[in-house]
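The following exercises are to be worked with the sequence and the model side by side. Each task is followed by a solution in steps.

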Amino acid sequence: MYDANPPLKSLALAPYPQADEKQIDLRAETEMAILQDVIASVRNLRAELKVEPRLKTPIEIFAAEAEVRALIEQNQGAVRNDRQANVEELTFAEKPLAQVGNVRHTARFDVRLVYEQKIDVAAECERLKKEMEKIEKGIASGQRQLGNEQFLAKAPPQVVENLKKQQQELAVLHQKTHSKLNELGCG
């Protein structure tokens, strides 16, 4: 590296390297941050929707600023080639993506994962029914404990309070699961 002639006896004695201000390009850093944000948004949407990792999906982007849109258009190969984003096709929307689902909004763009989740209705109904049974058992158990005067007299106040909170959470879960069952027509 030094043609067998090091400038100092040890690297430990060398001064710490200084940043070269001429090599700092804020515009390039901003552009790179935008592209990273696009890829991270797509990855997060895939994770939220539990999209199978191998499945390629199209995305749609709305960018209000012409510069941001041009940047993404010029670098769509980088977005498409990201293995975890696994983008099949990238298209641009002409209006904001506020009224559609599967969207991630940022300050500079909206990105939508064009994905229709196909589910096995019978399997999902069965899963939801099992979940409902667990919730109902939890509610019944909690109500038994809260109805037991001896338990209430002996239990610390914090335990009783936590049990009441748990009952409220289970009631909300019960309502949501019931709504999902009705949506799917599971009866």
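**Exercise 1. Locate Val121 and describe its setting.**

Solution. The model is a predicted one. Val121 belongs to helix α4, which spans residues 121-147. Its relative accessibility is 39%. Because buried means under 20% and exposed means over 50%, Val121 counts as partly exposed. Along the chain, Val121 and Leu184 are 63 residues apart, and their C-alpha atoms are separated by 6.9 Å.

**Exercise 2. Determine whether Glu60 is buried or exposed, and list the residues it touches.**

Solution. Begin with the element: Glu60 sits in strand β1. Next, take the accessibility. The value for Glu60 is 18%, and the cut-off for a buried residue is under 20%, so Glu60 counts as buried. Finally, collect the contacts. When residues up to four places away in sequence are not counted, Glu60 touches Thr91, Ala93, Leu97, Asp110, Val111, Arg112 and Val114.

**Exercise 3. Work out how the residues of α2 are distributed around the helix.**

Solution. First, identify the buried residues of α2: these are Val68, Leu71 and Ile72. Viewed down the axis of α2, the buried residues fall within an arc of 95 degrees, so they line one face of the helix. Then turn to the face directed away from this buried side, where the exposed residues Ala66, Glu67 and Gln74 are found. Last, establish the packing partners: the buried residues of α2 pack against α1, β1 (57-62), α3 (76-81) and β2.

**Exercise 4. Characterise the largest pocket by volume, lining and residue class.**

Solution. The volume of the largest pocket is about 170 Å³. Its lining consists of Arg27, Thr30, Glu31, Ile34, Glu65, Glu67, Val68, Leu71, Gln74 and Arg108. The elements that contribute two or more residues to this lining are α1 (26-49) and α2 (66-74). Sorted by class, the lining has 3 nonpolar, 2 polar and 5 charged residues. Two residues from the preceding exercise can now be placed on the pocket wall: Val68 and Leu71 are buried in α2 and also line the largest pocket.

**Exercise 5. Examine the salt bridge between Arg104 and Glu48, and state which parts of the chain it ties together.**

Solution. A search of the whole structure gives 10 salt bridges. In one of them, the side chains of Arg104 and Glu48 meet at 2.0 Å, N to O. Arg104 lies in strand β3 (residues 103-105) and Glu48 in helix α1, so the pair ties together parts that are 56 residues apart in sequence. Arg104 itself is partly exposed, its relative accessible area being 22%.

**Exercise 6. Which residues are joined with Glu94 in one salt-bridge network?**

Solution. Start with the pair Glu94 and Arg69, whose closest N and O atoms are 3.5 Å apart in a salt bridge. This pair links distant parts of the chain, since Glu94 is in the loop between β2 (87-92) and β3 while Arg69 is in helix α2, 25 residues apart. Glu94 is exposed, with a relative accessible area of 66%, whereas Arg69 is partly exposed at 23%. Salt bridges with shared partners then join Arg69, Glu73 and Glu94 into one network.

**Exercise 7. Describe the salt bridge of Arg54 and the accessibility of both partners.**

Solution. The side chain of Arg54 meets that of Glu52 in a salt bridge of 3.4 Å, N to O. Arg54 counts as exposed at 70% relative accessibility, and Glu52 is partly exposed at 43%.

Conventions. Residues are numbered from 1 along each chain as its sequence is written. This is a predicted model: local features need pLDDT of at least 70, side-chain atom pairs count only at pLDDT 80 or more; totals for chains, interfaces and linings use all residues. Side-chain values use heavy atoms; hydrogens and water are left out. On a 1 Å grid over the protein atoms alone, a cavity is a set of points where a 1.4 Å probe fits but cannot get out, and a pocket is an open set with protein on both sides within 12 Å along at least five of seven lines; lining residues have an atom within 4 Å of a point. Grid points are joined across faces, edges and corners, and a volume is the space filled by probe spheres set on the points. Helices (H or I, at least four residues) and strands (E, at least two) are DSSP runs, numbered from the N terminus. Ala, Val, Leu, Ile, Met, Phe, Trp, Tyr, Cys and Pro count as nonpolar, Asp, Glu, Lys and Arg as charged, and the others, Gly among them, as polar. A salt bridge is a side-chain nitrogen of Lys or Arg within 4 Å of a carboxyl oxygen of Asp or Glu. Buried means under 20% relative accessible area, exposed over 50%, partly exposed in between (1.4 Å probe, protein chains only). The arc is that of the directions from the helix axis to the C-beta atoms. Contact means heavy atoms within 4.5 Å.
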